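The exercises below concern the sheet and the helix packing of a single chain. Please work through each task with the structure open before reading its solution.

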Amino acid sequence: MAARATAAKSAKTVIPQLSWDRIEPAPVVLVTGPEELLAERAIRAVREKLRAADPSLEVSDIDAGAYAPGELLTLASPSLFAEPRLIRVSQVEKCTDAFLEETLSYLESPADDTVLVLRHGGGVRGKKLLDAIRGGAGRGVEVVCAELNRDDDKVAFASAEFRAAKRKATAGAVRALVSAFTDDLAELAAACRQLVSDTDGDITEAVVDRYYAGRTEVTAFAVADAAIAGRPGEALGLMRHALASGSDPVPMVAAFAMKVRTMAKLAGARGSSNDLARQFGLQAWQVDRARRDLQGWTDEGLARAIEALALADAQVKGAGRDPVFALERMIGVIAARGTTR
């Protein structure tokens with residue numbers, strides 16, 4: 001259904017590969033892949049299982065990108081009352097040399113009654129550590145949280161959300177919901193929760209239509225997400241569908257502007273998601289999303305995208321005679337990540 005854990009296996013992988021919704025605690029839990037929602041759920045499930053087994057669980061957090069030497073060993077040292085410990089490590093893909101060295105050493109003899117969760121979002125940094133864990137060091141398990149790019153996977157995810165809430169949703173309703181939130185799993189999950197909370201009885205296509213059909217901000221952000229990710233055909237198709245459904249070009253340009261402005265703020269910015277969120281007045285998930293959106297973009301490309309946005313904004317507000325053509329031209333520039341004018 002969700003992360004296809006078997007896809008992560010390689011000749012050197014000897015540890016169990018678990019799906020995010022079937023995770024079990026182990027001395028070391030490696031959570032890899034770019035899908036933050038699934039990773040957060042997997043890590044939360046580890047905490048909940050450990051706390052259910054022993055309410056005295058002591059939970060600590062480490063930012064591997066700002067690691068202080070000795071931090072892991074200090075947190076893993078036996079406490080006075082011998083409480084079980086959960087140590088959650090974020091941003092392993094940005095780990096310091098000290099973290100890499102000390103964690104490799106820790107794997108040789110993991111602390112008793114301690115679960116070490118390592119979150120690695122992707123990239124080559126920390127590969128030596130990942131290879132060691134996958135090779136069996138630390139007696140760990142791995143949870144692969146891959147992006148759900150196929151509609152069938154998203155449908156299965158949404159259906160599971162309703163089953164977990166003990167609510168029946170028709171196939172048409174689930175498909176309609178996935179279409180409305182095509183490019184953001186967190187928003188799809190939130191929409192499922194809202195329908196469960198706000199409605200009674202079976203969730204049908206009519207219910208989904210009443211809540212979400214014609215919502216300009218949903219369709220506009222779906223168009224923007226597809227264009228920013230470099231999928232021009234999908235973006236243009238979504239744009240035409242949105243316009244045919246009654247969306248207006250002005251808020252559609254505004255949705256693009258909101259996302260591109262956030263990307264421009266964070267381009268080149270360093271620090272943890274929480275620190276940058278405080279610095280720029282954003283939520284941590286917005287920082288994480290903008291960082292993913294920035295992959296493949298250059299500063300020059302962002303500058304051209306901003307120019308294209310300004311031109312489109314003026315034209316859809318009356319400076320041009322064909323707002324649809326203005327949208328199409330803007331989408332072309334942004335889908336090419338500013339490499340064309």
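**Exercise 1.** Which residue in β4 does I62 stand opposite?

*Solution.* The model is a predicted one, and the search begins with the strands themselves: β3 covers residues 58-63, while β4 covers residues 85-90. These two strands pair in the parallel sense over 6 bridges, and the residue of β4 that stands opposite I62 is V89.

**Exercise 2.** Establish the strand order of the sheet, and explain why β1 and β3 are each left with one side without a neighbour.

*Solution.* Reading across the open sheet, its 6 strands follow the order β1-β6-β2-β5-β4-β3, with parallel pairing. Because β1 (17-18) and β3 stand at the edges and each has a single partner strand, one side of each lacks a neighbour in the sheet.

**Exercise 3.** Identify the strands across which α1 and α4 lie.

*Solution.* Helix α1, residues 36-53, lies across β2, β3, β4, β5 and β6, and runs at about 175° to β5. Helix α4, residues 127-134, lies across β2, β5 and β6, and runs at about 125° to β2.

**Exercise 4.** Describe how α11 and α15 are arranged, and classify the residues of their contact.

*Solution.* The axes of α11 (residues 249-266) and α15 (residues 323-335) come within 11 Å and cross at roughly 15°. Since angles under 35 degrees count as roughly parallel, the two helices α11 and α15 are therefore roughly parallel to each other; their crossing is left-handed. On the α11 side the contact is made by P249, M252, V253 and F256, and on the α15 side by P323, L327, M330, I331 and I334. Sorted by class, the residues of this contact comprise 9 nonpolar, no polar and no charged.

Key: Residues numbered from 1 in each chain as written. Predicted model: local features only at pLDDT ≥ 70, side-chain atom pairs only at ≥ 80, totals over all residues. Heavy atoms only, no water. Pairing = 2+ DSSP bridges. Helix = DSSP H or I, 4+ residues; strand = E, 2+ residues; numbered from the N terminus. Contact = heavy atoms within 4.5 Å. Axes fitted to C-alpha atoms, helices over the stretch in contact; angles between N-to-C directions. Parallel < 35°, antiparallel > 145°, perpendicular 65-115°, else oblique. Left-handed = near helix turned anticlockwise from the far one by under 90°. Nonpolar A, V, L, I, M, F, W, Y, C, P; charged D, E, K, R; others polar.
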